[in-house]
Every structure is written in structure tokens, then in C-alpha cells.
Amino acid sequence: MTIKPMPDGGLFGTLPSPEVQPDVVLTNWSVTRISSGADHWDVLLGRCTESNIGRLSTPLMEFNAANAVAITRSGREYLLSGPPGTDEDALYVYEKQFGHVPHDRKDVTEEYWLQIQDAVKKRES
């Protein structure tokens, strides 16, 4: 696994705000459901094509399967490019962010991927 430093030189440098970078294209993307008690949040993990670094999103607020676009709590739009996958750098960021916090996690990528595939089939028919 290769961990790429942030542009400011740190591993966990400041990412551009949603105002500066309102949309991100993710490859090797996946969706993880984080649960704590009765609450749960879905977050994206993947590789940002612009910066070529692993990313972890804030919780998803909206999902448009027809366009494969997710909007997060921060307001940023993530375009899910290609089939889902695994990005080791994004997993590393996830572990650093949530590894010390007691929670349950579940990979729900397939739920989102099936929605995208269904939307594509409807568009093509």
C-alpha cells in the first residue's frame, strides 16, 4: 500500500472545502454503513481522480443512481466512476478516522451498485 501525502505535505492535510472543490470523481469506490446504537450513516471510500489520493466522504445525504452521484453532508457531490472496488489508501484514512471510535460497520456497496445498474438498464430500454 502506498500512502500519498496531501498537497500540503501531511498525510491528513486539509482537503479543499466543498466551495473550492464542489465535486469529486471517485474510482475504486465503496460504501460503508457506520452504525452506533440506533443511528447509522453511509460514507464513501475511494480514489479521487483529480488528486490521486484515497478519500473518505462525510455521510451521504442524497443518492442519484441514474447519474451515479452522491451528495454528502458537506454538500460535496461525488461521481462514482466505473464499478466499485477497494482503495487501500481510503481504507487507511477510514481506520485513522474511525478506528478508535466504537462502532459497527457494514459494506453496503452492493446496494448502491445494484441501484446504478438498474438505472442504466432503465435508461437503455
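This section describes the nonpolar cores, one helix and the surroundings of one threonine in a predicted model.

The largest nonpolar core comprises 15 residues. Within this core, the most contacts are made by Leu26, Trp29, Val31, Leu44 and Leu80. Four elements give two or more residues each: strand E1 (23-36), strand E2 (39-48), strand E6 (77-80) and helix H2 (109-124). E1 supplies the largest share, with 4 residues. Leu80 illustrates the packing. Leaving out residues up to four places away in sequence, Leu80 touches Leu26, Trp29, Leu44, Phe63, Ala68 and Ile116. A second core is separate from this one and has 7 residues. Among them are Ile34, Leu56, Ala90 and Tyr94.

Helix H2 was examined next. H2 contains 16 residues. From first to last C-alpha it reaches 23 Å, close to the 22 Å expected at 1.5 Å a residue. Five residues of H2 are listed as buried: Thr109, Tyr112, Trp113, Ile116 and Ala119. Viewed down the helix axis, the buried residues of H2 fall within an arc of 125 degrees, so they line one face of the helix. The face turned away from this buried side carries Lys121 and Lys122, which are exposed. The buried residues of H2 pack against five strands, namely E1, E2, E4 (60-64), E6 and E7 (104-107). One of these buried residues, Ile116, is in the contact list of Leu80.

Thr72 was considered separately. This residue lies in strand E5, which spans residues 69-72. Its relative accessibility is 2%, so Thr72 counts as buried; the cut-off for burial is under 20%. Two polar contacts involve the Thr72 side chain. One, of 3.1 Å, joins it to the side chain of Thr58. The other, of 3.0 Å, reaches the side chain of Ser74. Beyond neighbours within four places in sequence, Thr72 is in contact with Ser57, Thr58, Pro59, Leu60, Met61 and Tyr78. Thr58 thus appears both in this contact list and as a polar partner of Thr72. Asp42 offers a further reference point for Thr72. The two residues are 30 residues apart along the chain. Their C-alpha atoms are separated by 9.4 Å.

Technical notes
Residues numbered from 1 in each chain as written. Predicted model: local features only at pLDDT ≥ 70, side-chain atom pairs only at ≥ 80, totals over all residues. Heavy atoms only, no water. Buried < 20%, exposed > 50% of the residue type's maximum accessible area, 1.4 Å probe, protein only. Polar contact = N/O pair within 3.5 Å; in protein donor to acceptor, adjacent residues only side chain to side chain. Contact = heavy atoms within 4.5 Å. Core = buried A, V, L, I, M, F, W, Y, C linked by side-chain atoms within 4.5 Å. Expected span 1.5 Å × (residues − 1). Arc of directions from axis to C-beta.
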